[in-house]
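Got the viewer open? Let's take a short walk through this model, one selection at a time.

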Amino acid sequence: MSVQIRRRTAALLEVFGVYLTGAFLSDQVAQLLVRWGVISPQNPLKLLTVHTTNGELLVASRQLLLILILTYGSYFALIIPINWWYRQRGRVAYGLTRAGRSWKALILAALATAALTQWPVLIHTLVDAVHPLGTMEPWRQAFFDMSWRRWQFWLFAGILSYALIPIIEELIFRGYYQRRLAEDWGDGPAIIGTACFFTFAHRQYLIANAYNVTMVVSLFCVAIGLGVVFAWTRSLIPSMIAHAIINVPMTPLWQGALLLLFAIIVFFAWRGGARAFRQVFSNTSLAACAMLALLETAYVIAAGRIDSMAYMAIGMLLAAVALEAIDRRKSRSVRLSVKGHQKT
């Protein structure tokens, strides 16, 4: 096995392994917390109805916050030690800095990304408001139909959509999945593969009707834009801001106003966006993009349908660590050999 193939295989197995092993670990801890009475066994989203009260929203907010902390904490309990051991990556690698750019530049990049990639979602939701395209998950329908004129709704929405989710999803999908794949596959394939991973991981849209099909396409466009701006700036700040913008609940009137604002921004920003896209995808292998897109789409869909894949994922993660240990040992041998030659 060549060095490139070994490293690419290790990166893919690590990403696949973390995706389900983290979820498996989270489920095991959640069962313990349910037994101890810390969290409820019921999914707070499944309990949403049009008539959910303020008190019920507060309870659901607490429950959802605990679940999200547990879930994403389980992912990073695996990611951080593995990445530190293998390549000693710090917060810079995860995009948790400004990457040497000003706040103004990062915010402008976020607005440009939102305008250039999120208009399909806005058009989709506006069309659906005028002419319903199909049914959605019951909890999503209840979320949109309940009263928005209360702070309890906006607290719950902040945890579910526009405040917490953009941070933790960008950390895992762009800060880890995309960055880890890009190390051995390159930015282009990593962006495409992670966009497929991100899109189909949103299982609430995997319902066969016009609403969800167009939503999947729109979400894929957004994911490409978030991946490009992260690869271009090396900071998660623009992708987090852009992600948050589209996740804010809006009435059709506000969505129309935002779409108009996006059209103005696109007029000024499309050249810079095209330049960033070309830069990120320069020297990109189309075959590698297609391979990662196919593998990651198939994996994430299968993961939602085959329970036993969690055990396969543990094996994948162990195999990835073994391959990375081999690579680390060989790299150390090469360095020692070079030092020995330099001394002589």
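A cavity here is a set of grid points where a 1.4 Å probe fits but cannot get out, and its volume is the space filled by probe spheres set on those points. Keep that in mind for the second stop.

**Stop 1: colour by confidence.** What you're looking at is a predicted model. Colour the chain by pLDDT: the mean is 91, and 96% of the residues reach 70 or more. Now pick out helix H13, residues 309-343, which has the lowest mean pLDDT among the elements, at 81. H3 sits at the other end of the scale, with the highest mean, 96. Where pLDDT is low, the predicted coordinates should not be read in detail.

**Stop 2: the cavity.** How many cavities of 30 Å³ or more does the structure hold? Just one, with a volume of about 30 Å³. To find it, select Glu14, Ile82, Asn83, Tyr86, Arg87, Arg179, Arg180, Glu183 and Glu324, the residues that line it. Two elements give two or more residues to this lining: helix H2 (54-87) and helix H7 (165-185). H2 gives the most, with four residues. Try colouring the lining by class and you'll get six charged residues, two nonpolar and one polar.

**Stop 3: a pocket.** Next up is the second largest pocket, at about 490 Å³. It has 26 lining residues; to centre your view, select Thr113, Leu116, Gly272, Gly273 and Ala276, which are the closest to its centre. Then show helix H3 (103-117), helix H4 (119-130), helix H9 (210-233) and helix H11 (252-280), the elements that each give two or more residues to the lining. Which class do you expect to see here: nonpolar, polar or charged? The lining divides into 18 nonpolar, six polar and two charged residues.

**Stop 4: two helix pairs.** Two packed helices are described by the angle between their axes and the distance between the axes. Stay with H3 and H9 from the pocket and hide the rest. Their axes are 9 Å apart, and the helices pack at about 155 degrees. Angles over 145 degrees count as roughly antiparallel, so that is how H3 runs relative to H9. Their crossing is right-handed.

For the last selection, take helix H1 (residues 3-35) and helix H12 (residues 286-303). These axes come within 11 Å and cross at roughly 25 degrees. Since angles under 35 degrees count as roughly parallel, H1 is roughly parallel to H12. H1 passes H12 in a right-handed crossing.

Technical notes: Residues numbered from 1 in each chain as written. Predicted model: local features only at pLDDT ≥ 70, side-chain atom pairs only at ≥ 80, totals over all residues. Heavy atoms only, no water. 1 Å grid on protein atoms, 1.4 Å probe; cavity = no way out; pocket = protein on both sides within 12 Å on 5 of 7 lines; lining within 4 Å. Nonpolar A, V, L, I, M, F, W, Y, C, P; charged D, E, K, R; others polar. pLDDT = per-residue confidence, 0-100. Axes fitted to C-alpha atoms, helices over the stretch in contact; angles between N-to-C directions. Parallel < 35°, antiparallel > 145°, perpendicular 65-115°, else oblique. Left-handed = near helix turned anticlockwise from the far one by under 90°.
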